[in-house]
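Hi,

Here is the structure I promised to pass on. Have it open next to this email while you read, and I'll walk you through what turned up.

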Amino acid sequence: MSRIVFLNGSFLPIDEAKVPFMDRGFLFGDGVYEGIGVLDGRLIDNEAHLERLERSLAEVRILNPYTRTEWTALEEEIVRRNGMTEGFIYFQVTRGVAERDFFFPDNAKPTVAMFTQAKSIAHAPAARAGIAVITVPDQRWARRDIKSINLLAQVLAKQAAKEAGAQEAWMVEDGFVTEGGSSSAFIVTKKGSIVVRPLSNAILPGITRMSLLRLSEEVGIALEERQFTVEEAYDAAEAFLTSASNFVLPVVSIDGRPVADGKPGPITKRLRELYLTMASAPALAAE
Ligand code: PDD
């Protein structure tokens with residue numbers, strides 16, 4: 001079966017999907033995106049992702065081309081057409097096609113592109129073994145709360161992680177961890193509280209982060225919503241990350257130092273199980 005993508009109103013084979021040379025996404029990185037996890041053919045936390053998309057678009061003043069119902073129908077259709085039961089849906093909206101000029105074009109129509117990536121999330125080997133992260137300086141712009149398609153700093157950070165034998169980069173500003181290159185960063189203190197940076201313009205408001213905080217509150221795990229330093233992370237009882245494409249992943253080493261005994265910790269494992277249960281039975285979890 002050939003891979004089917006969505007571009008500007010049509011589902012078509014990926015080889016036939018072409019974006020014009022003068023698209024502002026290509027020339028300026030002038031656009032925003034979303035990424036949604038799929039488990040058992042279901043879209044996980046879809047409403048919250050669409051809400052964040054609306055916010056990102058409004059912040060950069062690109063018109064949202066679809067309603068939530070229309071977005072959801074497109075997502076469900078692309079999952080169906082690709083026969084995907086588990087993985088990731090990516091979509092982006094750019095300001096459209098116009099002669100290169102920094103000012104907003106008068107009549108450009110937003111470009112909408114969507115594709116799927118089949119991927120094992122629930123039984124990913126990284127979830128059992130945990131992953132290594134390295135810390136790098138956070139070199140991004142001042143509006144990281146917008147899910148912009150400008151990802152050059154994250155590309156460089158994650159490539160540095162790969163070259164160091166790690167799977168994610170934790171970005172650091174003024175001594176404090178902001179977040180991962182494509183994930184939210186958490187530690188667990190020796191007293192068993194989870195620590196995560198509060199929302200601000202310095203980080204993306206992670207949707208998985210938000211769901212996880214709700215789940216941890218429901219089961220009575222203590223939360224400290226505050227910044228944490230690299231040294232605190234080195235000394236933590238556990239560490240983990242969250243994202244739509246991985247849910248909850250244990251972090252077992254930071255800059256080559258094992259986190260505690262270097263194995264996924266019990267609170268991390270529990271939170272991952274809670275998240276998977278919620279994702280497998282969203283109707284029950286919402287009650
Ligand atoms: N990244 N922080 C950053 C910088 C991210 O890029 C992401 C997601 C997250 C986690 O957000 P969420 O839980 O809503 O996925 C945090 C996606 C998965 C990506 O770029 O592939």
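One term before we start: a polar contact is a pair of N or O atoms within 3.5 Å. Keep in mind, too, that this is a predicted model.

**The ligand**

With that cut-off, look at Tyr 33: an N or O atom in its side chain sits 2.7 Å from an oxygen atom of the ligand, so the pair falls within 3.5 Å and is a polar contact. Arg 52 has a polar side-chain atom 2.8 Å from a ligand oxygen. With Glu 179 the partner is a nitrogen atom of the ligand, and the distance is 2.6 Å. How much of the ligand's accessible area does the protein cover? On its own the ligand has 470 Å² of it, and the protein covers 92%. In total there are 20 residues around the ligand, and those that come nearest are Tyr 33, Arg 52, Glu 179, Ile 207 and Thr 208.

**Helix 3**

Next, find helix 3, residues 68-81. Its 14 residues, at 1.5 Å a residue, should span 20 Å, and the C-alpha atoms at its ends are indeed 20 Å apart, so expectation and model agree. Which of its residues are buried? They are Trp 71, Thr 72, Leu 74, Glu 75, Ile 78 and Val 79. These buried residues take up an arc of only 160° around the axis, which means they lie on the same side of helix 3. The general reason is handy to remember: an α-helix has 3.6 residues a turn, so residues three or four places apart point the same way. Thr 69 and Arg 80, on the other side of helix 3, are exposed. Just past the end of helix 3 you'll meet Gly 83, which has a positive phi of about 60°.

**An open sheet**

Now for some strands. Six of them, in the order 2-1-6-5-3-4, make an open sheet with antiparallel pairing. Strand 2 (10-13) and strand 4 (42-43) are at the edges, because each of these pairs on one side only. Strand 4 is joined to strand 3 (residues 31-39) by 2 antiparallel bridges, and one pairing to look for is Val 38 with its bridge partner Leu 43 in strand 4.

Strand 5 (residues 87-94) holds Val 93. Is Val 93 buried or exposed? Its relative accessible area is 0%, so Val 93 is buried. If you want to practise your distance tool, try Val 93 to Arg 209: they are 116 residues apart along the chain, and their C-alpha atoms are separated by 23 Å.

**Strand 14 and its neighbours**

I'd spend a little time on strand 14 (residues 247-254) as well. Of its 8 residues, 8 are buried, so the rest of the structure largely encloses strand 14. Here is what pairs with it:

- Strand 7 (residues 131-137) runs parallel to strand 14, with 3 bridges between them; Val 133 has Ile 254 as its bridge partner.
- Strand 13 (residues 238-243) runs antiparallel to strand 14, with 4 bridges. Phe 240 is opposite Pro 250, and a hairpin with 3 residues links strand 13 to strand 14.
- Strand 15 (residues 257-258) is antiparallel to strand 14 over 2 bridges, with Arg 257 opposite Ile 254. The hairpin here has 2 residues between the strands, and Asp 255 takes a positive phi near 55°.

Have fun clicking around!

Cheers

How values were computed
Residues are numbered from 1 along each chain as its sequence is written. This is a predicted model: local features need pLDDT of at least 70, side-chain atom pairs count only at pLDDT 80 or more; totals for chains, interfaces and linings use all residues. Side-chain values use heavy atoms; hydrogens and water are left out. The expected span of a helix is 1.5 Å times one less than its number of residues. Buried means under 20% relative accessible area, exposed over 50%, partly exposed in between (1.4 Å probe, protein chains only). The arc is that of the directions from the helix axis to the C-beta atoms. A residue is near a molecule or strand if one of its heavy atoms lies within 4 Å of it. A polar contact is a pair of N or O atoms within 3.5 Å; within protein, one must be able to donate a hydrogen and the other to accept it, and residues adjacent in sequence count only if both atoms are side-chain atoms. Accessible areas come from the Shrake-Rupley method with a 1.4 Å probe; for residues, only the protein chains shown count as cover.
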